[in-house]
Structures are given as structure tokens and as C-alpha cells.
Amino acid sequence: MNGIVTKSTGSWYSVRTEDGEVHQCRIPGKFRMKGIKSTNPIAVGDEVTFELEPKKETGVVKEIHERKNFIVRKSVNLSKQTHIIASNIDIAFLIVTLHNPETTTTFIDRFLATAEAYSIKTILLFNKVDTHDEEMDEFREAFKYIYTSIGYECIDVSATEKINIDLVKALMKDKVSLFAGHSGVGKSTLVNALEPTLDLKTKAISEQHQQGQHTTTFAEMYPLSFGGYIIDTPGIRGFGVVDFDKYQVTDYFPELFALKSDCKFNNCLHLNEPKCAVKDALEEGKIAETRYESYLQLLSEDEEHYRQDVFK
């Protein structure tokens, strides 16, 4: 039997077949011995082949089909291993809030670079815009300009006031959509606004730390009444990236990649090399300093600073 993994708890996997039946499946021990560096050999979104066990309602996964893409981050506890957040994604929505909690440009850039590396289209959703005053509105427009000017779509949304909810639904129709962001940015509330029947649990922001309480423990995929699926993910505080070759990091920043061929050297890292088109554009204000700083941090993989906000 074939199906899609809709939930993973580490030991058991919920697999949904085409007819809508959901079976709890496990994986044989040998799956963990195939050189897979990930802490989770099977991820939400994976297409798998499984067999039901004799006289049981549970199944055993026999094969993971080839993934068209996936989004991955460093494992929280095992720095040399990766954790696949989800696979086979058509479109990713990164939920951004300017306060309560604050989403840093560094975090956004790391997510976008990872999505670029695995060919996943990403849209930025600026949530809680109904809580912004005039000053915050101006700040948001300046913030958004950094990303719209390099080709990323940015949409103002409010889960509570239903601002642009129909627009987001239209973009999600008949697609597999991933929702990601810091804890407390309103992912679950936004998902509930898009598909009220799901009724996902939500929690208030921590007043002391201005961070969200973790309400989603595991990534989970839900079918949508208007067509397609949504993958809700746990809140991510830091986003350590993996497997980036330093000579390819430029490729994951569209505005840098567009200038790459104009540099004097083919292997230019845009640091101190002569006749560097990227450095020239930076000095002329054609590239955002925040983006270049994020590029430098990825280049050096500076773990100590990967949560700092260079926008400040």
C-alpha cells in the first residue's frame, strides 16, 4: 500500500492513503543503518510504501519514495546531524512578526537560503499587522522592501482580523504548504483562520521573554477542505543550516547570484577580492547590508551569532 506520512512522533508514523484511511506504521531497524545522517529517516510529507502486519491494524514501512525536495535544519541536540522538517513541499510560508515576538532578519535569511538550496518557493507572511501603529507600519514597509526588491512576495496578514486570509488560501489551493516561524508568531491561529475545522491548540506569548509557548510538538500535515495539504511545524528559535559549500552560498541569495558573473574571479567569495561586483553593489546601496551580513555569517557558519538581529 502507498500513502503520505502526515505525522511523525519518532517511533510511529501516521500514513494517509489515497482513500483517506490513516494507518500507524513503524520502520524496521535496518532503516536506521542506511547511512542516513538525519535524526528522522522518515519525515512528514514523505511518500512511502507500507505493508499491514498480520492480524494487526499497524503497518511496516518498506520503502521511502524519492523526495522532490525537503527542508532541513541542524538537529537541536546533535550538531553533526540534521533534522528534516518536512518533504515534498510545493510552497513554504514563513510567518514573520515585528514584535511580540520579534522575527530577526538573520532568521529570515537563513530560512530563505535553505529554501533556495532545495528549490522551495517561499512567501513571507507579516502577521499581526492589526496591532501595528503608524510607526510600526512604516518600519514594516521598510522591512518588506528588503525582500520584495529581490523577488520575494510579502503579504500582510492578520489571523484575528482575517486580513488577506482569502488571498493566502488561494495561493495554497491544491498545494502542499509548509507553515514555519518562531514560536508565538501565530502559526496555529493563522492555520485555524484558514481552516477553522482543524481547531489547532494555541497559547499566549510569554510576557517575560516575549517568546511564544511551544504549541506544536511535531510537524503534522492536515488535508484542506479547499484542496491541498498544510504542514504545521514546531516553533523554531534558531535555524542552524547544514551542508552549505562556501562557494555555493552566493547561489542561495538571489541578489548576490545575479551579480556573481560580473566578479573578476569565478570563485569570488565577495570578501576582500578585487573587482568584486557584490562589494561594489553593497557600497552603492544596491544590496541590503542585512542580507550581506547574513551571507557572511552563513559563510563562516558563526554559531555564536546566528540568532542576532543585524537589522538593528
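This is a short tour of a predicted model, stop by stop, with something to select at each one.

**Stop 1: colour by confidence**

Start with the whole chain coloured by pLDDT. The mean is 84, and 83% of the residues reach 70 or more. Now pick out two strands: β10 (residues 154-156) has the highest mean pLDDT among the elements of the chain, at 98, while β12 (residues 205-206) has the lowest, at 38. Next, select residues 203-217, where pLDDT stays under 50; the model gives this stretch 34 contacts beyond four places in sequence. Then move to residues 302-312, also with pLDDT below 50, where the model has 31 contacts beyond near neighbours in sequence. Please keep those two stretches in mind as you look around.

**Stop 2: strand β15 and its partners**

Select residues 228-232, which make up strand β15. Is this strand mostly covered or mostly uncovered? Four of its five residues are buried, so to speak a mostly covered strand.

Now add residues 175-180, strand β11, which runs parallel to β15 and is joined to it by five bridges. Add residues 220-223 as well: this is strand β14, paired with β15 in the antiparallel sense over four bridges.

Which residue of β15 is the bridge partner of Ser177? Click on Ile230 to see it. Ile230 is also the bridge partner of Tyr222, so show the side chains of Ser177, Ile230 and Tyr222 together.

Before leaving, follow the chain from β14 into β15: the two strands form a hairpin with four residues between them. In that turn, select Gly227, which has a positive phi of about 105°.

**Stop 3: the cysteines**

Show the cysteine side chains next. How many disulfides does a search of the whole structure find? The search finds zero. Zoom in on Cys276, which is in no disulfide; the nearest cysteine sulfur belongs to Cys268 and is 3.8 Å away. Cys276 counts as buried because its relative accessibility is 2%. Select Cys25 too: at 0% relative accessibility, Cys25 is likewise counted as buried.

**Stop 4: Thr106 and Arg291**

Finish at helix α1, residues 105-117, and select Thr106 within it. Thr106 has a relative accessibility of 1%, and therefore counts as buried; the cut-off for buried is under 20%. Now add Arg291 and draw a distance between the two C-alpha atoms. Thr106 and Arg291 are 185 residues apart along the chain, yet their C-alpha atoms are separated by 8.0 Å.

Conventions: Residues are numbered from 1 along each chain as its sequence is written. This is a predicted model: local features need pLDDT of at least 70, side-chain atom pairs count only at pLDDT 80 or more; totals for chains, interfaces and linings use all residues. Side-chain values use heavy atoms; hydrogens and water are left out. Buried means under 20% relative accessible area, exposed over 50%, partly exposed in between (1.4 Å probe, protein chains only). Two strands pair if DSSP finds at least two bridges between them. A disulfide is a pair of cysteine sulfur atoms within 2.5 Å. pLDDT is the predictor's confidence in each residue, from 0 to 100. Contact means heavy atoms within 4.5 Å.
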